[in-house]
Amino acid sequence: MMNRRDFLRGSAMGAAALATTSAPRSLFANPYGKPVGLQLFTLRDQLQADMQGTLKQVAAIGIKELEIYDLYGKTPAQFTQIIKGDGLTAVSGHYMTKHLKGNWAKEVEKAQALGLKYMVNAILDPEERKSLDDYKRLAELYNKAGEQTQKAGIQYCYHNHNFEFHKFGDTMPYDYLLTTLDPKLVKFEMDCFWVTHAGQDPVAYFKKYPGRFPLLHIKDMKDHPPVTQEKDDKMGMFEPVGQGVIDWKRIFAAAPTGGMHHYFIEQDWCEQPPLEAVKASYEFLHKLTV
């Protein structure tokens, strides 16, 4: 198997090859001219302490689009009014399996009120993913959820971590979901960090499953973190975008093949003040060129 150093070296070689193509050299500035988004989980503690003040600071950085996971006690109308006042738009929201198994119709109704374009499965708890049969049951649940969101004009998506790349026999759950889920009803939010951390290549997935990845999570990785099958927010392996080892030029070059429409900065754990980490990530992406 390819070790992490060889994988990352290969990624760098891929970027060098892309740089010799005829692609416009301005193509990647603020990648494809799309607004830089933020998954608000990055600032969960700051938002809990001062939601409105934190959102104003987010807007001041230059962020335009948000992916939400909590309304902090506000109604959809109240939350929308607050972010609109700061020039922000909520594009996507994260949800858990409990929401799907509860009053999903009500969640879809609230998402409509927020103006969301996407509703995304955030993460699977360990007890939900013990076997391939678990994923088979989830696939049925996701297709049904996608039917309901589609009727409301919202796209349902699945967001990955690293555990989806732990095989059951010869079957990798991530590929199982990609090949089993209805491509119209369920698309994917690729977390480029966790795909890379699992020893996989985001670009290879864009090419293998074109058009399936309208959303991306963009966060960077320290050099050679321990490869584990379980997610741990405090592994100490996260960096602001552009300060780690992931080759973002290569990923953004291939992102249209994957179907990218929106991308969100996310940093699960920040060693520096989280707003400073967000600002550093934004500045890198805003200036990213070939």
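β5, helix α9 (residues 173-180) and β6 make a right-handed β-α-β unit. The model is a predicted one. This report starts from that unit and works outward to the barrel, the cores and a few backbone details.

**The β5-α9-β6 unit**

Strand β5 covers residues 155-159 and runs parallel to β6, with four bridges joining the two. Two residue pairs place the register. Cys157 has Lys187 as its bridge partner in β6. His159 is matched with Glu189 in β6.

Strand β5 is largely enclosed by the rest of the structure, because five of its five residues are buried. Its side chains split two ways. Gln155, Cys157 and His159 point one way, while Tyr156 and Tyr158 point the other way. Residues on both sides are buried. In a regular strand, side chains alternate between the two faces of the sheet.

Strand β6 spans residues 186-191. Five of its six residues are buried, so β6 too is largely enclosed by the rest of the structure.

What about the helix between them? Six of the eight residues of α9 are buried, so the helix is largely enclosed by the rest of the structure. The buried residues are Pro173, Tyr174, Asp175, Tyr176, Leu177 and Leu178. Their cover includes α8 (132-151), β5, β6 and α11 (202-208). Both strands of the unit thus appear in the cover of its helix.

**Neighbours on either side**

On one side of β5 sits strand β4, residues 118-121, paired with β5 in the parallel sense over four bridges. Val120 has Cys157 as its bridge partner in β5. Cys157 is also the residue that pairs with Lys187 in β6. The connection from β4 to β5 involves another helix: β4, α8 and β5 make a right-handed β-α-β unit.

Beyond β6 comes strand β7, residues 215-218, running parallel to β6 and joined to it by three bridges. Here Met190 has Leu216 as its bridge partner in β7.

The bridge partners named so far are collected below.

| Residue | Bridge partner | Strand of the partner |
|---|---|---|
| Val120 | Cys157 | β5 |
| Cys157 | Lys187 | β6 |
| His159 | Glu189 | β6 |
| Met190 | Leu216 | β7 |

**The barrel**

These strands belong to a closed sheet. Eight strands form a barrel in the order β1-β2-β3-β4-β5-β6-β7-β10, and the pairing is parallel. On average, neighbouring strands of this sheet are turned by 30° against each other, direction ignored. Strands of a sheet pair through backbone hydrogen bonds, either parallel or antiparallel.

**Nonpolar cores**

Which residues touch the most other members of the largest nonpolar core? Ile63, Phe213 and Leu216 do, out of the 81 residues in that core. Helix α8 gives the largest share of this core, seven residues. A second, separate core has six residues, including Tyr118, Val120, Cys157 and Leu215. In soluble globular proteins, nonpolar side chains tend to be buried together.

Leu216 deserves a contact list. Not counting residues up to four places away in sequence, Leu216 touches Glu189, Met190, Cys192, Phe206, Ala255, Met260, His262, Tyr263 and Phe264. Met190 is thus both a contact and a bridge partner of Leu216.

**Cysteines**

How many disulfides does the structure hold? The count is zero. A disulfide is a covalent bond between the sulfur atoms of two cysteines. Cys157 is buried, at 0% relative accessibility. Cys192 is likewise buried, with a relative accessible area of 0%. Cys157 is one of the members of the second core, whereas Cys192 is among the contacts of Leu216.

**Positive phi values**

Two tyrosines call for a backbone check. Tyr32 has a phi near 60°, a positive value in a residue other than glycine. Tyr32 lies in helix α2, residues 30-33. Is Tyr32 buried or partly exposed? With a relative accessible area of 25%, Tyr32 is partly exposed.

Tyr72 has a phi near 55°, again positive in a residue other than glycine. Tyr72 sits in the loop between β2 (65-68) and α5 (76-85). Tyr72 counts as buried because its relative accessibility is 16%, and the cut-off for buried is under 20%.

Technical notes
Residues are numbered from 1 along each chain as its sequence is written. This is a predicted model: local features need pLDDT of at least 70, side-chain atom pairs count only at pLDDT 80 or more; totals for chains, interfaces and linings use all residues. Side-chain values use heavy atoms; hydrogens and water are left out. A disulfide is a pair of cysteine sulfur atoms within 2.5 Å. Buried means under 20% relative accessible area, exposed over 50%, partly exposed in between (1.4 Å probe, protein chains only). Two strands pair if DSSP finds at least two bridges between them. A crossover is right-handed if, with the strands pointing away from the viewer, the path from the first strand over the helix to the second runs clockwise. Contact means heavy atoms within 4.5 Å. A nonpolar core is a set of buried Ala, Val, Leu, Ile, Met, Phe, Trp, Tyr and Cys residues joined through side-chain atoms within 4.5 Å. Axes are lines fitted to C-alpha atoms, for helices over the stretch in contact, and angles run from 0 to 180 degrees between N-to-C directions.
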